[in-house]
Amino acid sequence: MKKFLLLLFTLSVLTFAQDSLKYKIGQMIMVGFNQTSESYDTLLQDIEYNNLGGVVLLAYNIENPEAVTALNEEIQSYAETPLLIAIDQEGGVVARMDENNGWVETPTAYSLGSIFDMEDSTRAVAARMAGWLTEAGFNFNLAPVVDVNVNPSSPAIGRYGRSFSDDPEVIVEHAGYFIDEFKKQNIVTALKHFPGHGSAMSDSHNGFTDITNTWSNEELRPYELLFEGGYTDFVMTGHLFNQQIDSTYPASISEKAIKGLLKDTLGFKGLVISDEMSMGAISNNYGFEEALKLAVNAGTDIILYKTNVDEDGSMVRKIIDIIYNAVQNNEIDESVINFAYNNIMSIKEGLVVSDVEDAADVIVPEIYQIANYPNPFNPVTSIKVEIPVEGNYSIAVYSTLGERVTVLQSGLLEQGAHQFRFDASGMASGMYIVTLSGNNVMKSHKMMLLK
């Protein structure tokens, strides 16, 4: 599976070298999906045709170990650029894989950091959960929580034991053990909830959450120390309003919080993912389009939504169109999209390659390959076909309706690489399929014409 993903990624680096703007925006989106056929079918279409970058699974998506493994394999198979498949697996109450769906109960972060406070215990729990994620096909854990347990009764954090400790130094120790065990399994992590949810008197899931009078700079200490130690995966921003940081916007849509405090002041070099954008703190106070533009301009690399459909159909397509139009209208600079896209592609490359001992042996002569460059293209692209065995082959291009557009080759082809020029002048924008058939082989590859 890992070698197959590396092959996909290698081809995607080639075919997306001159990506369209909309395809780049697709990589900046992560969505969940509900338990309806409409939602799941829309998800697969968005992965295949809109270059959706990530999927998050919630508890209702996870029936048992066998089912979730099959699910992740299926959704990953639709992606030309490998997906980030994420889950919230903190341990304790916030653990999507638990005793209710085929795994076992795990201790809370508070138990690990404040009751046991032992490196071996934290590492053992984290290693066990990391193993579950690897076996199930996840590559992204939306954890650990590095909120300082300032208010043990805080309705989103302290009440559920989600913080390791009220001591930032203890948090850094145990978060470090946690991160290290997931890194050993080649799973990226996300520190949350920046700039600190531990003092909050309300829950940002439900509505506006103001931490101005309860928050202190000590809540930044875990981030400072982990960044100094080389942490460069993800930080999840919280929907937390703090007038000391930004007198207008909560952190998740605040340029002052993300570009100013997180990146410039604290020096974070990794990626930023938003907390779920339909939570009450955002959806009750900002319009969908307004919040989206603010989050992107603030420096968010990945925008997270718990669902993928609304009354208009695909949320992914809706988000892509909003951001695309904002770029066209000079409301978002295209360099912001390019920066986020490059960050995402870099971390995906590391995920796919690092677990393979010798990447050079992945693309081997025995594999039939089709690729085209550029992709998307307008109006000419070069199609490369790799043939491991000499024989009679047909190479043709079809529309998505099954109509044959042209035949590029029909007859004997020698072993090796062959190049074909495809000129789509006069043809309509859309998806086209190039096929290779013959010698008991049938392969296909999607190409996008964008005029």
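Student: How many bridges join strand E15 to strand E18?

Tutor: E15 covers residues 391–399 and E18 covers residues 430–438; helices (H or I, at least four residues) and strands (E, at least two) are DSSP runs, numbered from the N terminus. The two strands run antiparallel, with serine 399 standing opposite tyrosine 432 in E18. Two strands pair if DSSP finds at least two bridges between them. Here, the number of bridges joining E15 to E18 is six.

Student: What kind of model is this?

Tutor: Residues are numbered from 1 along each chain as its sequence is written, and side-chain values use heavy atoms, with hydrogens and water left out. Local features need pLDDT of at least 70, side-chain atom pairs count only at pLDDT 80 or more, and totals for chains, interfaces and linings use all residues, since this is a predicted model.

Student: Which strands are the edge strands of the sheet with the order E16-E15-E18-E19?

Tutor: This open sheet of four strands has antiparallel pairing, and its twist averages 15° from one strand to the next. An edge strand pairs on one side only. That description fits strand E16 (404–413) and strand E19 (441–449).

Student: In the sheet with the order E13-E14-E17, which residue of E14 is the bridge partner of isoleucine 370?

Tutor: This open sheet has three strands with antiparallel pairing, and the twist averages 20° from one strand to the next. E13 (369–373) is one of the edge strands, and a hairpin of six residues leads from E13 to E14. Five bridges join E13 to E14 (residues 380–387). In E14, the partner of isoleucine 370 is valine 385.

Student: How many of the five residues of E13 are buried?

Tutor: Buried means under 20% relative accessible area, exposed over 50%, and partly exposed in between (1.4 Å probe, protein chains only). E13 is mostly covered. Of its five residues, the number buried is four.

Student: How are helices H3 and H4 oriented to each other?

Tutor: H3 (residues 37–49) and H4 (residues 65–77) pack at about 40°, with axes 9 Å apart. Axes are lines fitted to C-alpha atoms, for helices over the stretch in contact, and angles run from 0 to 180 degrees between N-to-C directions. Angles under 35 degrees count as roughly parallel, over 145 as roughly antiparallel, 65 to 115 as roughly perpendicular, and the rest as oblique. The orientation of H3 and H4 is therefore oblique.

Student: How many residues of the contact of H3 with H4 are charged?

Tutor: Tyr40, Leu43, Leu44 and Ile47 of H3 meet Leu71, Glu74 and Ile75 of H4, contact meaning heavy atoms within 4.5 Å. Ala, Val, Leu, Ile, Met, Phe, Trp, Tyr, Cys and Pro count as nonpolar, Asp, Glu, Lys and Arg as charged, and the others, Gly among them, as polar. Six of these residues are nonpolar and none polar, and the number charged is one.

Student: Which helix gives the largest share of the largest nonpolar core?

Tutor: A nonpolar core is a set of buried Ala, Val, Leu, Ile, Met, Phe, Trp, Tyr and Cys residues joined through side-chain atoms within 4.5 Å. The largest has 108 residues, and Ile75, Phe138, Phe140 and Phe234 have the most contacts inside it. A second, separate core of 20 residues includes Val385, Ile387, Phe420 and Met447. In the largest core, eight residues, the largest share, come from helix H12 (residues 315–328).

Student: What is the relative accessible area of isoleucine 337?

Tutor: Isoleucine 337 lies in helix H13 (residues 334–353). Beyond its neighbours within four places in sequence, its contacts include Leu21, Ile25, Met28 and Val296. Isoleucine 337 counts as buried because its relative accessible area is 0%.

Student: Which residue is joined to phenylalanine 194 by a cis peptide bond?

Tutor: Phenylalanine 194 has threonine 237 as its bridge partner in E8, and four bridges join the parallel strands E7 (residues 188–194) and E8. The cis bond has an omega of about 5°. The residue after the bond lies in the loop between E7 and helix H8 (221–228), and that residue is proline 195.

Student: Is asparagine 330 buried or exposed?

Tutor: Asparagine 330 lies in the loop between H12 and H13, and its phi is near 65°, a positive value in a residue other than glycine. Because its relative accessibility is 73%, asparagine 330 counts as exposed.
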